[in-house]
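Here are a few exercises to work through with the viewer open. Try each task before you read its solution.

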Amino acid sequence: MKIIVCVKQVPDTSGKVAVNEDGTLNRASMATITNPDDLNAVEAALALKDQTGAEVTVLCMGPPPAEGMLREILARGADRAVLISGREFGGSDTYATSQIISAAIKKIGLGDEDVVFCGRQAIDGDTAQVGSQIAEKLNLPQVSYAADLKKEGNTLTVKRMLEDGYMTIQVQTPCLITCIKELNEPRYMSVAGIFDCYSMPYEVFDYETLKDDPLVDPSTIGLKGSPTNIFKSFTPPQKGVGVMLEGSDKDTCDKLAGTLAAKHII
Amino acid sequence: MSSFNSTDLAAFTGGVWVFCEQRRGKMMATSYELISEGRKLADERDTELCGILLGDQVEGLAKELGGYGADKVFVCEHPLLKDYTTDAYTKVICDVVEAYKPEVMLIGATNIGRDLGPRVAARLHTGLTADCTHLDIDMDTYVDFLRNSSTLDVDKIKFDMEDINLKMTRPAFGGHLMATIICPRFRPCMATVRPGVMKKAEFDQAKADACAIEKPAFSLSAADIQTQVLEVVKATKKLVDLIGADVVVSVGRGISKDVEGGVKLAQELADALGGVVGGSRAVIDAGWMSADHQVGQTGKTVHPKIYVALGISGAIQHKAGMQDSECIIAVNKNETAPIFEVADYGITGDLFKVVPMLIDSIKAAKAAR
């Protein structure tokens, strides 16, 4: 049995973020992290490995420096890492990205007992689209928003979260599951893993590697092959500065309540 | 299926469509919001607005959509559509879209809409923009939107004023940036739209009565569905209605020294103001409140009449979900907390000292009226 986990390296948008004057993000000023939901996907894969002895391949599309992140995931317990990287892939939207990642998954090979895990969404784009689109391109059944997971034989039973409850869904392998943080608590790197991670199998798939797959056509990948384009990006204006009330005593509170009442806000 | 890069855009004359999500025979509130927004877009294109409703015995829900602006509702009923499955819903929607060729398709960005939308878009070979918060077609209204909602010097930018693409605007990078996305080469232009953001129109009974119902052909069999829904469980706990509330009192990391006391204070203040309590991502991640309380980019977007932020520093992630509230009150120990940048009224102080006094003051002010 084989498990493929898709991960993304993202800027840490929870920290301080600098925006360039032209409205683009100053990525150089930001730390990069493994996308949080993807760590839950990695943990789901490693937990299944513990249970079944499956081989775990971690797959990432991104620039060459993403190698460091992939080595860290090897140190957590994955068996093999593949980085999909190439200029031809740059500027891909979710559709084009899913075409490329699907071609890479086909290259790695997905058997009847195999499972693909993705994080639900990445914190840079927040789209939650790539997982479902990979499933469509590979004609796999999908279960998204997985908060609990059991595998018996080739059947996965998944607790799929809704806003107002959940569904219990059964699905046969091969299938694709997108994971949310409720699913598990990601493990840390092991000391042995850190020692070994630079000698573990690591490959780069570039355009040459994947170009024979019909999914990787110049008209369906990269900036030019993406159905969606950015028309304009901009920063929202700062709201006008409000009133800072002096002090933090009862008078201040009375003054605030009085103002709110006078303005018919309360 | 559309062949690659050769979609004949002019053939997509089927109007603006809204996927109207129902669960267990009850329409999701966001369907009405999207119908109301879709009406505006259909008028800008001088075309029809249609709902598409899938389920088992759901025709009775269709006419009401007319009351919010739908000209027509495509009703697709089948026992296999009773509970949502990715495969069945994708198959039926793609069948009907291929037959009627809408130029725009909107889907509520619910946990179901965000599962369905990408799969449909990938099968139709078209673009999809996730979790949009603003939509335009007319360039004039788009430029006005930019004038009010961006720091761009709009008058210095040359726009193609004849552009008729759907312009889909959404926050990116946790709300640090806004991006307007277009899908110029394929149809339908597809967007999932964040629940609670679009305003619901006034209901009009006459329009509801006039709404046309159409039952399009589609094929569906058990063999099309690769997953099996064993059960659908509704949360037993009543979930907080952040989006519908007039007042939201949220707490952040500032309650860490006494979590229970902090949440209780927030609840008391919410009760005094007639509202509900929410929390920042830190509070949800720490397990101090359940996920339905989360305000922010990865939680809910709210625009209540009053938003009170207690001990919330105001990460952009949080601000993205609340900065359009009508009146924002912030209490924070740190006078340089970014939350004060969006607050209408700010108090620098310990929330555990300030909030009890504030509750008394508000009760007194209300009693005095």
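**Exercise 1.** Which residue in the turn of the hairpin formed by β7(A) and β8(A) has a positive phi?

Solution. Before starting, note that this is a predicted model, where local features need pLDDT of at least 70, side-chain atom pairs count only at pLDDT 80 or more, and totals for chains, interfaces and linings use all residues. Residues are numbered from 1 along each chain as its sequence is written, while chains are lettered from A and ligands numbered from 1 in the order in which they are written.

Step 1: find the strands, which like helices are DSSP runs numbered from the N terminus (helices are H or I, at least four residues; strands are E, at least two). β7(A) spans residues 142–152, and β8(A) covers 155–162.
Step 2: look at the 2 residues between them; A:Gly153 is the one, with a phi of about 60 degrees.
Step 3: check the pairing (DSSP has to find at least two bridges between two strands). Here 6 bridges join the antiparallel pair, and A:Lys151 has A:Leu156 as its bridge partner.

**Exercise 2.** Find what else β7(A) pairs with in chain A.

Solution. Step 1: go to β10(A), residues 175–179, which runs parallel to β7(A) with 3 bridges.
Step 2: pick out a bridge, such as A:Val143 with A:Ile177.

**Exercise 3.** Trace how chains A and B meet.

Solution. Step 1: count contacts (C-beta atoms, placed from the backbone, within 7 Å). You get 79 residues of chain B against 70 residues of chain A.
Step 2: see who contributes. On the chain B side, helix α10 (residues 351–368) gives the most, 9 residues.
Step 3: sort that side of chain B by type: 40 nonpolar, 23 polar and 16 charged. The bins are Ala, Val, Leu, Ile, Met, Phe, Trp, Tyr, Cys and Pro for nonpolar, Asp, Glu, Lys and Arg for charged, and the others, Gly among them, for polar.
Step 4: look for strands pairing across the chains. β12(A), residues 229–234, and β10(B), residues 177–182, pair in the antiparallel sense over 5 bridges; A:Ser233 sits opposite B:Ala179 there.

**Exercise 4.** Work out how the domains of chain B touch.

Solution. Step 1: take the bounds, 9–224 for domain 1 and 247–368 for domain 2; such bounds come from an automatic or database domain assignment.
Step 2: get the separation of their centres over C-alpha atoms, 33 Å.
Step 3: list the contact, with 7 residues from domain 1 and 8 residues from domain 2. The domain 1 side holds 2 nonpolar, 4 polar and 1 charged.

How values were computed. Contact = placed C-beta atoms within 7 Å.
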